[in-house]
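Q: Could you take a close look at one part of this model for me, the way its helices pack, and then set that against the rest of the fold? I'd like one connected walk-through rather than a list.

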There are 2 protein chains.
Amino acid sequence: MARRGDTIELAVLGLLHEGPMHGYELRKRLNLMLGWGRVLSYGSLYPALKKMLRTGLLSEVTTTTAVTRRPRIVYEVTEAGHAEFERLMSEVGPSAWEDDNFDIRFAFFGRTDMEIRLRVLEGRRTRLQERLTRVQAELERTQEEVNRYAAELQRHGVESVEREVRWLSDLIQAERGERPASPEAPAQS
Amino acid sequence: MARRGDTIELAVLGLLHEGPMHGYELRKRLNLMLGWGRVLSYGSLYPALKKMLRTGLLSEVTTTTAVTRRPRIVYEVTEAGHAEFERLMSEVGPSAWEDDNFDIRFAFFGRTDMEIRLRVLEGRRTRLQERLTRVQAELERTQEEVNRYAAELQRHGVESVEREVRWLSDLIQAERGERPASPEAPAQS
DNA sequence: GTTAGCATGTAAGGAGTTACATGATTTT
DNA sequence: AAAATCATGTAACTCCTTACATGCTAAC
């Protein structure tokens, strides 16, 4: 099962699919990718890369091409790495719905089946809708709210989540429209 | 200076202002408050409360009222706690702009000056606009983007941030309109 | 030739989660 | 009387950041 911290691993495997890279560049691309607020530090990237070398998901590229370059370590994905990438991308459980995990997974959607994509999108949508229901119920219960600002924050929060739900719905429809969907339409999981 | 982890402290001080509470209830209210995804565990709340007792920000309420109740520990804010709350709320540096910190601060805006409110709102808006500019610049530079899904994610992200910027702008205008603003209008910090 | 940026790492520590441990009280 | 929920805590562990340490290369 995918633990929370597999996010970096998945991102690295996905990025390296586009071609071998060294750590410094990986960090830049990564920060752009999951870059809404979060910035990944060297202190967590490099150890992660080393671990992935140890566990055989990555291998060092033997720098045959240019001898003039300084000693930087270029990584590429191994067979085992590809397998792991596919295993992680096929996870459709809660770990795929958390914010960071979802974003990474989504970015690499092009390399999964439509069935998986739909399950992840629907899973996240359901999760968000549950949150919405719970918060709105709670809001009614505690309408003692004398606090204008707290109320405004809640309102804006609800609106943002509702917006994301609509976004997900559009994406789901688009996925379904793409191909006429298989005979046994997978509407409910 | 407010470190990242002062978030719980600020939230607890702010919530207890409404009246004494015990840990279990604080957690429920807290989770509702910063509850978009994050859930605070006992393992971090109780140690935090103990620490705040030690440092004198909170005191245990001597349960004079009901003797029938079971042994639960009710906390209230001390003088020092009130002072610390106000100190934290007056911080207008980067720590006030981070997502979680901002939300908590915003929820307690009713207990600060308009000047502080404006500075925090404007600070966050500026921060978001910077991010936006950086990401959009980066998007133009790397338009090699063959990846539909990654591009869609970026688009949605940009839109969300733009929406929050508009929200902040509305709030800032509302703050300014509330009172006709002081003679020396504080338009720029 | 010295500053700025590329590039890789390690050590210490912060902040919080999970899992464990315990017991009282209310509900069924 | 059992089960659910209220209520408080601790220990171990995870993930990550900050700060430190190092050295190469390009630009000025």
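A: Let's start with a cut-off: helix angles under 35 degrees count as roughly parallel, over 145 as roughly antiparallel, 65 to 115 as roughly perpendicular, and the rest as oblique. Keep in mind that this is a predicted model.

Now to the helix pair in chain A. Helix α1 (residues 6-16) of chain A packs against helix α4 (residues 79-90) of chain A at an angle of about 120°, and their axes are 10 Å apart. By that cut-off, α1(A) and α4(A) are therefore oblique to each other. As for handedness, the crossing of α1(A) and α4(A) is left-handed.

Who touches whom? On the α1(A) side you'll find A:Asp6, A:Glu9, A:Leu10, A:Leu13 and A:Gly14, and they meet A:Gly81, A:Glu84, A:Phe85, A:Leu88 and A:Met89 of α4(A). Sorted by class, the residues of this contact come out as five nonpolar, two polar and three charged.

Zooming out a bit, chain A has seven helices and three strands. Read from the N terminus, its elements go α-β-α-α-β-β-α-α-α-α. Chain A is 189 residues long, with 43% of them counting as buried. Among its contacts with a separation of 6 or more, 61% come from residues 24 or more positions apart.

Over in chain B, there's another helix pair worth a look. The axes of helix α2 (residues 23-33) of chain B and helix α3 (residues 42-54) of chain B come within 10 Å and cross at roughly 120°. That makes α2(B) and α3(B) oblique to each other as well, and their crossing is right-handed. Here B:Gly23, B:Tyr24, B:Leu26, B:Arg27 and B:Leu30 of α2(B) meet B:Tyr42, B:Leu45, B:Tyr46 and B:Leu49 of α3(B). The class tally for this contact is seven nonpolar, one polar and one charged.

Chain B's sheet rounds off the picture. Three strands make an open, antiparallel sheet in the order β1-β3-β2. The edges are β1 (21-22) and β2 (58-60) of chain B, each pairing on one side only. Between β2(B) and β3 (residues 74-77) of chain B, the antiparallel pairing runs over three bridges, and B:Leu58 sits opposite B:Val77 in β3(B). Lying across β1, β2 and β3 of chain B is helix α1 (residues 6-16) of chain B, which runs at about 90° to β3(B).

Technical notes. Residues are numbered from 1 along each chain as its sequence is written. Chains are lettered from A and ligands numbered from 1 in the order in which they are written. This is a predicted model: local features need pLDDT of at least 70, side-chain atom pairs count only at pLDDT 80 or more; totals for chains, interfaces and linings use all residues. Side-chain values use heavy atoms; hydrogens and water are left out. Two strands pair if DSSP finds at least two bridges between them. Helices (H or I, at least four residues) and strands (E, at least two) are DSSP runs, numbered from the N terminus. Contact means heavy atoms within 4.5 Å. Axes are lines fitted to C-alpha atoms, for helices over the stretch in contact, and angles run from 0 to 180 degrees between N-to-C directions. A crossing is left-handed if the near helix is turned anticlockwise from the far one by less than a right angle, and right-handed if clockwise. Ala, Val, Leu, Ile, Met, Phe, Trp, Tyr, Cys and Pro count as nonpolar, Asp, Glu, Lys and Arg as charged, and the others, Gly among them, as polar. Buried means under 20% relative accessible area, exposed over 50%, partly exposed in between (1.4 Å probe, protein chains only).
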